[in-house]
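This report looks at the overall make-up of a protein, then at one of its turns and at its helix.

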Amino acid sequence: MTNTENKTTAGTEGVHEFSMQYGGRELACRVVKEGDKLRVSIDNTLFAELETHWDGTITQVSGNTLPESNIEFIKKQVLGQDK
């Protein structure tokens with residue numbers, strides 16, 4: 001997956017904006033990080049909430065079901081972590 005520049009430093013609280021591949025298209029992704037919650041908006045049409053855990057894993061707790069590859073991409077962009 002490719003992305004445009006995320007102007008917010010990985011791992012920090014606040015709004016992270018970047019683009020990512022979803023459904024074969026390059027779409028805008030906006031993630032608001034507050035504590036262990038990540039509120040995801042993709043192209044202002046898909047919404048999900050993710051939760052980070054102490055061991056670095058992420059689970060989806062609500063919203064449109066996201067593919068695991070997109071969750072991992074969001075994790076890398078917002079938290080600066082690979083797997």
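In this predicted model, the accessible surface of the protein comes to about 4800 Å², and 49% of that surface belongs to carbon and sulfur atoms. Of the 83 residues in the protein, 37% are buried. The secondary structure consists of one helix and five strands, which follow one another along the sequence in the pattern β-β-β-β-β-α. Among the contacts between residues at least 6 apart in sequence, 27% join residues that are at least 24 apart.

**From strand β3 into the loop**

Ser41 lies in strand β3, which covers residues 37–42, whereas Asp43 and Asn44 are placed in the loop between β3 and β4, with β4 covering residues 46–52. The three residues can be set side by side by their relative accessibility.

| Residue | Relative accessibility | Class |
|---|---|---|
| Ser41 | 11% | buried |
| Asp43 | 34% | partly exposed |
| Asn44 | 65% | exposed |

Ser41 counts as buried because its relative accessibility of 11% falls under the 20% cut-off, while Asn44 counts as exposed because its 65% is over the 50% limit. Asp43, at 34%, counts as partly exposed because this value lies in between those two limits.

The side chains of Ser41 and Asn44 make a polar contact at 3.5 Å, and this contact links a residue of strand β3 to a residue of the loop. Leaving aside residues up to four places away in sequence, Ser41 touches Ala28, Cys29, Arg30, Leu46 and Phe47.

The backbone of the loop deserves a separate remark. Asp43 has a positive phi of about 55° although it is not a glycine, and Asn44, also a residue other than glycine, has a positive phi near 55°.

**Helix α1 and its packing**

What span should the 12 residues of helix α1 have, and how far apart are its end C-alpha atoms? At 1.5 Å a residue, helix α1 (residues 68–79) should span 16 Å, and its end C-alpha atoms are 16 Å apart, so the two values agree.

The buried residues of α1 are Asn70, Ile71, Phe73, Ile74, Lys75, Gln77, Val78 and Leu79. In an α-helix there are 3.6 residues a turn, so residues three or four places apart point the same way. The buried residues of α1 pack against β1 (14–22), β2 (25–34), β3, β4 and β5 (58–63). Just after α1, Gly80 takes a positive phi of about 75°.

Note on methods:
Residues are numbered from 1 along each chain as its sequence is written. This is a predicted model: local features need pLDDT of at least 70, side-chain atom pairs count only at pLDDT 80 or more; totals for chains, interfaces and linings use all residues. Side-chain values use heavy atoms; hydrogens and water are left out. Helices (H or I, at least four residues) and strands (E, at least two) are DSSP runs, numbered from the N terminus. Buried means under 20% relative accessible area, exposed over 50%, partly exposed in between (1.4 Å probe, protein chains only). Contact means heavy atoms within 4.5 Å. Accessible areas come from the Shrake-Rupley method with a 1.4 Å probe; for residues, only the protein chains shown count as cover. A polar contact is a pair of N or O atoms within 3.5 Å; within protein, one must be able to donate a hydrogen and the other to accept it, and residues adjacent in sequence count only if both atoms are side-chain atoms. The expected span of a helix is 1.5 Å times one less than its number of residues.
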